[in-house]
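Open the model in your viewer and keep the selection tool at hand. The stops below say what to select and what is there.

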Amino acid sequence: MRLAEYPDDIAFATAIGIRPVGLAHPTEEPHVPPRLMAEARLFRRLGLSKTLISAMLVRANRHGTTLEAEMLASGVLAEDIYYEALAEILRLPFLRQLDPAQVEDLPGADSQLVDPSIIRLRHPARPPVTAIVPSADRIESFRERLELSPMLRTMLAATTPSALRTALWQAGRMRRLRETVDRLFGTLPEASARITLWGRQGFYVGTVLTTLLALAITEPVIASLLLHIVLTLLFFAAFLVRLVALVAERRQQRGGALNLTPPAGPRPVYSIFVALYREAAVVPQLIETLDKLAWPTACLDIKLICEADDEATLAALGAMRLGRHYEIVAVPPGHPRTKPKALSYALGAARGTYLVIYDAEDRVDPLQLEEAWRSFEAAAPDIACLQAPLIITNARESWLSALFAFEYAGLFRVLLPRLAAARLPMPLGGTSNHFRTRVLQDVGGWDPYNVTEDADLGMRLYRLGYRCGTINRPTYEEAPTTASAWLGQRTRWFKGWLQTWLVLMRRPSQLVRDMGLWPCFVFQVLIGGLILSSLAHPLLIFYVGMIAWELFGQSAHVTEGFKLVLFTVDIINIFGSYAIFVALGRAGMTPDERPATGRRWAMTPAYWLLMSLAAWRAVRELRSNPFFWNKTAHRPAQTTASAGTVAETG
């Protein structure tokens, strides 16, 4: 138990009228608010000391929880022993475990995963029994009811919240899996990547490709010129969007610490979802990170979501000493085997007002939840998601990790904040997304079939009228250091961006009406432009070389002036894009981070060519294996976060 979890417990207790035993006059009783009086009497009856009860009352008042919740969260009471004691008070049989085969998976049963209180058990040879989870605040009224109706005792049994949830997860696993896989496709089929190309899209794609092929055969010079012009304009648009973000970052007034006043009232329950697959190596680091979060334990709902056949990860979690606020959710095997499917499987069981996604290898700033909560409470209701910055800590390890650090610094600390400030669509990162839980559930959660579920969800939220924002407290990660690991991860990202673009472009006119013309253009540049520019990057370099050769004396099919304009714009596109990539990264980094990258920025052309390779691999995979999740192997962090990268939030 951490009795010193809040150093000002005594001051707070005095302010709300509680006098902790040991500080009050020996003849005085502590002043207990009426809503907690029944619980306090029960715990005295169970033999707990007044000092402990008083300290837990302080926490319960501060957090807006119950005395029971604080006692169990602190670890001073073992769950099984406590609920068995309540069963004895009620004179009910106590079931330490429930047989999932006997659980009736009734409609609406999953609500008990959020607030476990009652479950129906059907025995093969005996009358059915209702298992209940008694609570301290209602124990006396329920005991009196049982005294008036003794026959109820023959139909009831007491159990624990953990036993009830464990049995219910198992009993409804296949039904829940089907619902998870079919939910978005069944309610918003146009928002699902389950079908890669809809019939109309397939017709349009086939028509365009056939036309281009015919033009390339009959008029190769004209076809080449048209393609060149389209690619040049596309590159230039992408360059301009990033240049505008960089200029806005330079002009921004850099003030002091961001000061967000704590909202009135207690902290809400915060759900933390972590999807783990073959992550046994990083489990100890993950638990250490989550245990350091500065949030009341009684207000945490941490779900570690694993594949049911991932025995190594489940064993690693089983070897850890996890608090009562942790819950291991085993997702039954099924197609597609993706991270968004696992997250959506557990979404209906989220207890929190807010919900955040972390990856297994993340190291999270302990105050990130605090900043997100304060930001949500201060923001407009249409702010549905807040993205925390992701910071790469192993930039020194290889040229790939150095360029990755540039990329992340520019994206998460320059581009996304500028998009958020302009109320434009944001492609979210795959971790450290903080959501309003109810909104996330209402929009259908994650698409199980999209392998870049974060970008897809960010665009869907915008299309449905919600906005995303950013916060400052970071999450630290390590980038892949080998070409094979980097290519596998980036191929999956490009495949997901392709899926996202195809999903949103099923009805382009409707997309413009939903988003607006300018936001739709930004979406095209951010997602469609990124894909096409990566695919065409080698071709643009070839065009530059070809025009340069022609400008030095070879015959041309167009005027010299027009060639010179194209050549100039191409040079700006290529070298300007390289320069803006590095400049965005440096603008997002702190002075302590920049030395770690050294002069590896000179490898930017090679990095972009690797991106082109990943994009072409993604196109092939989208056709042959669209839902394959290329798993990135993770290891415990080899580096530590620099103190200079931590943003102050006040």
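**Stop one: a helix residue**

Select Q201, which lies in helix α10 (residues 199-218); helices (H or I, at least four residues) and strands (E, at least two) are DSSP runs, numbered from the N terminus. This is a predicted model, in which local features need pLDDT of at least 70 and side-chain atom pairs count only at pLDDT 80 or more, while totals for chains, interfaces and linings use all residues. Residues are numbered from 1 along each chain as its sequence is written, and side-chain values use heavy atoms, with hydrogens and water left out.

Is Q201 buried or exposed? With a relative accessible area of 7%, Q201 is buried (under 20% relative accessible area; exposed is over 50%, partly exposed in between, with a 1.4 Å probe and protein chains only). Not counting residues up to four places away in sequence, Q201 touches T196, L502, M505 and R506, where contact means heavy atoms within 4.5 Å. Now add V503: Q201 and V503 are 302 residues apart in sequence, and their C-alpha atoms are 9.9 Å apart in space.

**Stop two: the sheet**

Next, show the strands in the order β7-β6-β5-β8-β12-β10-β13: these seven form an open sheet with mixed pairing (two strands pair if DSSP finds at least two bridges between them). At the edges stand β7 (326-331) and β13 (467-470); each has a single partner strand, so one side of each is left without a neighbour in the sheet. From one strand to the next, the twist averages 25° (axes are lines fitted to C-alpha atoms, for helices over the stretch in contact, and angles run from 0 to 180 degrees between N-to-C directions).

Zoom in on β5 (residues 270-276) and β6 (residues 300-307), which pair in the parallel sense over seven bridges. I272 stands opposite I302 in β6. Helix α12 (residues 283-291) packs on the sheet and touches β5, β6, β7 and β8 (354-358); the direction of α12 makes about 170° with that of β5. Then select helix α13 (residues 311-318), which lies across β5, β6 and β7 and runs at about 150° to β6.

**Stop three: two more helices**

Move to helix α14 (residues 339-347), where nine of nine residues are buried. Among them are K339, K341 and Y345. At the start of α14, a side-chain oxygen of T338 comes to within 3.3 Å of the backbone nitrogen of K341.

Finish at T437 in helix α17 (residues 437-442). T437 counts as buried because its relative accessibility is 3%. Leaving aside neighbours within four places in sequence, T437 is in contact with A350, G352, T353, Y354 and L355.

Definitions and conventions
A polar contact is a pair of N or O atoms within 3.5 Å; within protein, one must be able to donate a hydrogen and the other to accept it, and residues adjacent in sequence count only if both atoms are side-chain atoms.
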